[in-house]
Every structure is written in C-alpha cells, then in structure tokens.
Amino acid sequence: MMLDVKSFQLQSFLPLPYEEVLAPRLKRAHEKLQSGSGAGGEFTGWVHLPRDYDRGEFARIQAAASRIRANSQALVVIGIGGSYLGARGVIDCLRSPNYNLKRKDTPNIYFVGNGLSSDAMGEVLDLVADVDFSVNVISKSGTTTEPAVAFRFFRAALEKKYGRERIYATTDKARGALKSLADSEGWETFVVPDDVGGRYSVLTAVGLLPIAVAGVDITALMQGAAEMMETCTEASFRCSAWRYAAIRYELYRAGRSIELLACYDPAFRFMAEWWKQLFGESEGKEGKGLFPASVEFTADLHSMGQYIQEGKRLMFETVVRLGPSDRQLTVPADEADGDGLNFLAGKSLDFIRDRAMEGTLLAHTEGGVPNLIVETSGRTPADLGQLI
C-alpha cells in the first residue's frame with residue numbers, strides 16, 4: 001500500500017471546483033520541479049535522489065555503519081538543523097524515542113552541536129567518557145558555530161583516547177574547512193551533494209549513516225522513497241503531493257496562515273521538528289508562507305487543544321496517521337471499576353487512539369479548523385521513506 005493524502009469534510013472551507021482551477025498552475029510547477037528548470041532548480045537534486053543516489057557511497061555508508069556497530073557503544077552525531085533533525089526523526093520513529101535507554105545490539109546515539117548549552121555538552125561528554133565511541137561530524141562548511149564548537153570538544157576527547165581513528169566527516173565533496181581538515185587527518189568522508197540542501201538531506205549520508213548505525217534498514221528506506229518518487233511523477237490529482245499542495249495553497253489563500261502538523265504517536269515528535277525546518281526554511285520568504293507548527297496528540301489536546309478548538313481561526317491541521325502499532329496492548333478489566341472505564345476493557349490502545357483521533361477530527365472541523373490526513377499503511381522503513 002502507498003501513503004495517501006485525504007481531506008476531511010473540507011467542502012465548506014475550500015472554493016469549488018478548486019482542483020480544476022489550480023490544475024494548470026500545478027502542472028507548470030510540477031514540470032519545473034521534475035526538470036529542475038524553476039527558480040532554485042540547481043538545488044532540487046532531492047527530487048530524484050532515491051533513484052539517482054551514489055550506490056558506491058551507499059555501500060561505504062553501510063560498511064562504516066557496520067564498523068561503528070562492531071567497535072563502538074556510542075556514536076556522537078555532531079550537526080545542526082538539517083544535519084541532525086531528519087536522522088533523529090527517523091531513529092525515534094522506527095527505533096523508539098527511548099532508543100538510548102533500551103537493551104539492544106546497536107550503539108547509543110547522541111546528537112550534539114545543535115545548541116550552545118554547556119550543561120548539555122558536558123553531559124554527553126560524561127556519558128561517553130567510559131565507553132568506546134565514534135564521532136560523525138556533519139557540516140557542509142565546517143565553520144557553523146554550534147557544530148564546530150562541539151567538534152572541538154569531542155575530537156579532543158576521542159583523540160586522547162584513540163588517536164586519529166573513529167572520526168567520520170560528512171561534508172562538501174571538494175571544499176570547505178571540514179573537508180580540508182578531514183583530508184589532512186585521513187578521516188573517512190561522505191558527501192553532502194551540491195544539489196541537495198541541508199534540510200532535504202536526510203536520504204543522503206547526512207541522515208543515512210546514523211540511521212544505519214541505529215540498525216534501520218536503509219535499503220528499504222530508500223526503496224520506499226523511490227516508490228513515492230515514482231508515484232509523484234504523475235501530473236494529476238491522483239498524486240498525493242498534488243492534493244496536499246492544492247489543499248494547503250487554497251487554505252492559505254483563504255487566510256489560514258498556520259499549518260499544524262499533528263500525530264498521535266510521541267515517536268513522531270522529531271519527524272515533526274524536521275518537517276518544521278523543511279517547510280519553514282523553504283517557504284518563509286518575501287513576506288509569504290505558511291507558519292509551520294506541530295502538536296503531539298493526545299497530550300496536547302489537554303493544553304494546546306483549547307486554543308485549537310476555540311481560539312482565533314488562523315490555522316488548519318495536517319494529521320499524520322501512522323499504521324498499526326507494532327505492539328498491541330489491551331486494557332485490563334478491573335472488578336471494582338472505580339474509574340468507570342470497564343467499557344474499554346479488552347479494547348486495544350490502538351482502538352482507543354483511533355476513536356480519539358476521529359472524535360478530534362470531527363470536533364475541530366465543526367469548530368472551524370480544516371483538517372486533512374496524511375496516512376501511511378504501516379511503520380516500516382519503506383513507509384517512512386514514502387513519507388519523507
């Protein structure tokens with residue numbers, strides 16, 4: 001099954017027939033994106049990346065990941081923005097937001113260089129002090145302040161322990177401070193492609209090396225992305241990307257200036273953080289663009305839910321609906337039924353979550369907040385590749 005985009009009772013929020021009106025513009029945009037002939041076309045290598053990626057480098061990524069898994073109990077990933085959000089989102093979503101706390105046969109993964117907190121930096125230095133670890137430093141230039149500062153600390157700790165080993169640099173293929181340093185020190189390097197910007201780079205070595213170290217099947221991840229890439233070549237409303245683009249454009253034109261990305265699984269939190277960078281940095285220009293925000297349901301129904309339900313009508317929601325949970329838990333019965341919840345006894349948490357989702361969709365829509373649904377068929381690497 002393929003990922004799908006569905007509207008939810010949007011008729012009252014959208015001018016009809018908006019598909020017919022928008023089709024010519026969508027077709028022109030589609031052709032420019034597919035051919036790389038539009039503004040900024042030199043940075044749209046991500047469009048066909050799942051088909052055109054470097055197989056040789058992909059094999060080196062897998063080999064390096066195997067080596068790190070064999071000789072390290074921890075991997076320190078140093079990067080900021082697109083150099084860490086996508087990888088962390090995939091690892092949390094497919095392996096667990098509690099990945100580092102779980103018993104497993106893969107290294108813990110610590111993400112640093114995404115801030116300037118002395119406490120946060122010192123804590124990770126302490127966590128790796130008494131274990132075997134490797135470092136993956138990710139930066140196109142090597143001079144971005146936060147990761148460059150962090151790299152100084154972890155390079156010193158690592159070189160004191162091992163010498164020049166165990167450093168992997170993901171950077172520009174030919175130039176920049178980090179590339180020059182890596183070449184002079186003899187570190188293994190991986191490439192941030194010239195035509196793929198940082199926020200689009202999760203399916204390059206930027207994301208794939210830490211994702212592979214965490215034990216995710218990156219071949220399946222790329223295959224899922226390739227399947228959706230092929231689906232998105234179709235220039236019609238049968239393409240999920242067309243439907244999503246058309247709906248959010250019309251809602252923006254109608255005065256909805258905020259898009260809330262919602263999901264009912266806490267494992268999705270960092271995928272939402274990645275999405276906020278992807279859309280905020282891409283669209284927030286020239287005084288234009290939807291403001292991307294995110295909520296985690298059901299938790300935020302008890303906090304932000306009040307504003308969504310009855311606040312200013314500035315927003316619409318895009319709800320990511322993941323497939324069934326890998327682990328199915330059912331509510332136990334309680335003889336006294338003191339909490340009055342025995343009517344849920346024997347029901348799965350997935351069942352209760354889905355009913356909460358359906359009730360919330362209905363309540364928010366009736367309250368004047370448009371909703372659309374992005375639905376995956378499961379929670380596999382291929383499913384997440386399609387979503388990316």
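User: Before I look at Thr-170, what is a polar contact?
Analyst: A polar contact is a pair of N or O atoms within 3.5 Å; within protein, one must be able to donate a hydrogen and the other to accept it, and residues adjacent in sequence count only if both atoms are side-chain atoms. Keep in mind that this is a predicted model.

User: Ok. Which side chain does the side chain of Thr-170 make a polar contact with?
Analyst: That of Asn-136, at 3.2 Å.

User: Where is Thr-170, and is it buried or exposed?
Analyst: Thr-170 belongs to strand S5, residues 167-171. Its relative accessible area is 0%, and buried means under 20%, so Thr-170 counts as buried.

User: What else is Thr-170 in contact with?
Analyst: Leaving out neighbours within four places in sequence, Thr-170 is in contact with Asn-136, Val-137, Ile-138, Ser-139, Leu-178, Phe-190, Val-192, Ala-205 and Val-206.

User: And how many Å apart in space are Thr-170 and Leu-251?
Analyst: From C-alpha to C-alpha they are 39 Å apart, with their positions 81 residues apart in sequence counted as separation.

User: Compare that with another pair. How many Å apart in space are Glu-227 and Gln-386?
Analyst: Those two are 159 residues apart in sequence, and their C-alpha atoms are 6.9 Å apart in space. A polar contact of 3.1 Å also joins the side chains of Glu-227 and Gln-386.

User: Where is Glu-227 found, and what does it touch?
Analyst: Glu-227 is in helix H9, residues 218-231. Not counting residues up to four places away in sequence, Glu-227 touches Met-2 and Gln-386. Glu-227 is partly exposed, at a relative accessible area of 40%.

User: Switching to pockets. What volume does the second largest pocket have?
Analyst: About 780 Å³. There are 26 residues lining that pocket, and the closest to its centre are Asp-265, Ser-325, Asp-326, Arg-327 and Arg-379.

User: Which helices each supply at least two residues of the lining?
Analyst: Helix H4 (85-95) and helix H13 (349-366). The largest share, four residues, comes from H4.

User: How many residues of the lining are nonpolar, polar and charged?
Analyst: The lining of the second largest pocket has eleven nonpolar, ten charged and five polar residues.

User: Back to Arg-379. Where does it lie, and is it buried or exposed?
Analyst: Arg-379 sits in the loop between strand S10 (371-375) and helix H14 (381-387). With a relative accessible area of 19%, Arg-379 is buried.

User: What does Arg-379 touch?
Analyst: Aside from residues up to four places away in sequence, Arg-379 touches Leu-94, Asp-265, Leu-322, Gly-323, Pro-324, Ser-325, Asp-326 and Arg-353. For Pro-324, the side chain of Arg-379 reaches the backbone oxygen at 3.1 Å.

User: Now helix H5. Which residues are buried there?
Analyst: Met-121, Val-124 and Val-128 are buried in H5, which runs over residues 118-128. Seen down the axis of H5, the buried residues fall within an arc of 65°, so they line one face of the helix.

User: Why would residues a few places apart point the same way?
Analyst: An α-helix has 3.6 residues a turn, so residues three or four places apart point the same way.

User: What covers the buried residues of H5, and what does the face turned away carry?
Analyst: The cover includes strand S2 (74-78), strand S3 (108-112), strand S4 (133-138) and helix H6 (145-162). The face turned away from the buried side carries the exposed residues Ser-118, Asp-119, Glu-123 and Asp-126.

User: And what is at the start of H5?
Analyst: There, a side-chain oxygen of Ser-117 comes to within 3.4 Å of the backbone nitrogen of Asp-119.

User: Last topic, the backbone. Which residues does a cis peptide bond join?
Analyst: One cis peptide bond joins Leu-16 and Pro-17, with omega about -5°. Another joins Phe-297 and Thr-298, with omega about 10°. Most residues other than glycine have a negative phi, and most peptide bonds are trans.

User: Where are Pro-17 and Thr-298?
Analyst: Pro-17 is in the loop between strand S1 (4-8) and helix H1 (18-35). Thr-298 is in the loop between strand S8 (291-296) and helix H12 (305-310).

User: What is phi of Gln-9, and of Ser-96?
Analyst: Phi is near 50° for Gln-9 and near 135° for Ser-96. Gln-9 is in the loop between S1 and H1 and is partly exposed, at 42%. Ser-96 is in the loop between H4 and S3 and counts as buried, at 13% relative accessibility.

Terms used:
Residues are numbered from 1 along each chain as its sequence is written. This is a predicted model: local features need pLDDT of at least 70, side-chain atom pairs count only at pLDDT 80 or more; totals for chains, interfaces and linings use all residues. Side-chain values use heavy atoms; hydrogens and water are left out. On a 1 Å grid over the protein atoms alone, a cavity is a set of points where a 1.4 Å probe fits but cannot get out, and a pocket is an open set with protein on both sides within 12 Å along at least five of seven lines; lining residues have an atom within 4 Å of a point. Grid points are joined across faces, edges and corners, and a volume is the space filled by probe spheres set on the points. Ala, Val, Leu, Ile, Met, Phe, Trp, Tyr, Cys and Pro count as nonpolar, Asp, Glu, Lys and Arg as charged, and the others, Gly among them, as polar. Buried means under 20% relative accessible area, exposed over 50%, partly exposed in between (1.4 Å probe, protein chains only). The arc is that of the directions from the helix axis to the C-beta atoms. Contact means heavy atoms within 4.5 Å.
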